[in-house]
Amino acid sequence: MTRSITVTGDGTAEAVPDLLTLTLAVEVRQDTAARAYDDAAGVALNVTEALRRQGVADGDLRTSGLNLRPDVVWVENQGQKVTGYVASTDLVARLGPPQLAPEAISAAISAGGNSVRINGIEQGFKDSSAVAAMAQDAAWHDAEVKARRFAGLAASRLGQVLSIEQRPEHGMPVPVARDMARTFAVEGVAIEPGTVAVSAGIVVTWELLAP
């Protein structure tokens with residue numbers, strides 16, 4: 001029977017993000033459903049055209065969600081009463097490097113006026129493979145250090161690797177607050193890119209040999 005040891009390794013790598021993704025919500029209230037829908041479409045078009053003028057490519061613009069509903073209030077002795085209609089949609093834009101984002105965001109808000117709001121921004125990488133590889137290297141080193149330590153405690157030594165399993169990644173790259181030192185602000189609110197951390201996890205099984 002082959003003696004073996006199985007350990008988990010965790011690693012993290014950090015890098016300055018080169019991509020900022022913006023999510024905008026467009027919401028319009030009107031007295032009829034048709035007007036609400038048409039106005040929302042017009043605002044969304046104005047916003048996307050403003051982003052295109054800022055250099056955002058068509059492939060980096062996406063419409064996410066479309067909703068049209070009655071706006072109701074409760075009136076005493078009458079129950080629910082429709083006071084108008086609300087049309088809404090979400091726009092997702094990949095803006096490129098964070099230092100270029102404030103001007104594009106300001107242009108989008110100006111184009112949308114009071115009918116647009118920011119639902120959030122997310123920083124990441126156009127290609128995260130290099131950062132992910134560094135995180136995997138760190139995870140391997142962590143696993144190997146643990147395995148050698150436990151093998152020594154068991155009066156054994158490591159043999160060949162029997163299996164390697166990469167644990168599934170959960171969540172998105174995480175901004176690291178302690179490194180948020182640089183601030184880019186062309187117009188509007190400053191964007192602090194800092195660094196973004198990518199994590200990796202592996203499960204490795206080694207053969208255990210006699211010392």
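## Close-up views of a predicted model

**View 1. Leu-22 sits across from a partner in S4.** Start with Leu-22, whose bridge partner in S4 is Ala-93. What we're looking at is a predicted model, so take every view here as a prediction. The pairing doesn't stop at those two residues: S2 and strand S4 (residues 79–94) run antiparallel and are linked by 10 bridges.

**View 2. S2 also pairs with S5.** Which strand, besides S4, pairs with S2 (residues 19–30)? It's S5, covering residues 116–124, and the two are antiparallel with 8 bridges between them. To find your place in this pairing, look for Thr-21, which has Glu-122 of S5 as its bridge partner.

**View 3. S3 and S4 make a hairpin.** Here S3 and S4 lie antiparallel, joined by 14 bridges. Ala-93 turns up again, this time with Leu-61 standing opposite. Now follow the chain to the turn: the hairpin has 3 residues between its strands, and Asn-77 has a positive phi near 70 degrees.

**View 4. A nonpolar core draws on both helices and strands.** The largest nonpolar core has 22 residues, and those touching the most other members are Leu-22, Leu-24, Val-26, Val-47, Leu-51, Leu-91 and Leu-95. At least two residues come from each of S2, helix H1 (33–53), S4 and H2. Which element gives the largest share of this core? That would be H1, with 6 residues.

**View 5. Val-26 up close.** Zoom in on Val-26, one of the residues that touch the most other members of the largest core. Setting aside neighbours within four places in sequence, Val-26 has contacts that include Ala-40, Val-43 and Ala-44. Also among them are Ala-87, Ser-88, Thr-89 and Leu-91, along with Ser-115 and Val-116.

**View 6. A second core stands apart.** Elsewhere there's another core, separate from the one with Val-26, made of 11 residues. Val-7, Ala-139, Ile-202 and Leu-208 are among its members.

**View 7. Ala-104 in helix H2.** Is Ala-104 buried or exposed? Its relative accessible area is just 4%, so this alanine counts as buried. You'll find Ala-104 in helix H2, which spans residues 101–112. Not counting residues up to four places away in sequence, Ala-104 touches Leu-51, Gln-54 and Leu-95. Leu-22 from the opening view is 82 residues away in sequence, yet the C-alpha atoms of Leu-22 and Ala-104 are 9.9 Å apart in space.

**View 8. A nonpolar patch on the surface.** Now for the outside, where Tyr-37, Leu-66 and Leu-68 form a nonpolar patch. Together these residues have about 320 Å² of accessible area. Leu-66 belongs to strand S3, which covers residues 61–75. Leu-66 has a relative accessibility of 63%, so it counts as exposed.

**View 9. Stepping back to the whole chain.** To finish, here's how the pieces line up: the protein has 3 helices and 8 strands, arranged along the sequence as β-β-α-β-β-α-β-α-β-β-β. Of its 211 residues, 35% are buried. Among contacts with a separation of 6 or more, 80% are between residues 24 or more positions apart. The protein exposes about 12,200 Å², and 51% of that is supplied by carbon and sulfur atoms.

Technical notes
Residues numbered from 1 in each chain as written. Predicted model: local features only at pLDDT ≥ 70, side-chain atom pairs only at ≥ 80, totals over all residues. Heavy atoms only, no water. Helix = DSSP H or I, 4+ residues; strand = E, 2+ residues; numbered from the N terminus. Buried < 20%, exposed > 50% of the residue type's maximum accessible area, 1.4 Å probe, protein only. Contact = heavy atoms within 4.5 Å. Areas by Shrake-Rupley, 256 points an atom, 1.4 Å probe, with all protein chains shown as cover. Pairing = 2+ DSSP bridges. Patch = residues over 30% accessible without salt bridge, like charges linked within 9 Å, V, L, I, M, F, W, Y side chains within 5 Å. Salt bridge = Lys/Arg side-chain N within 4 Å of Asp/Glu carboxyl O. Core = buried A, V, L, I, M, F, W, Y, C linked by side-chain atoms within 4.5 Å.
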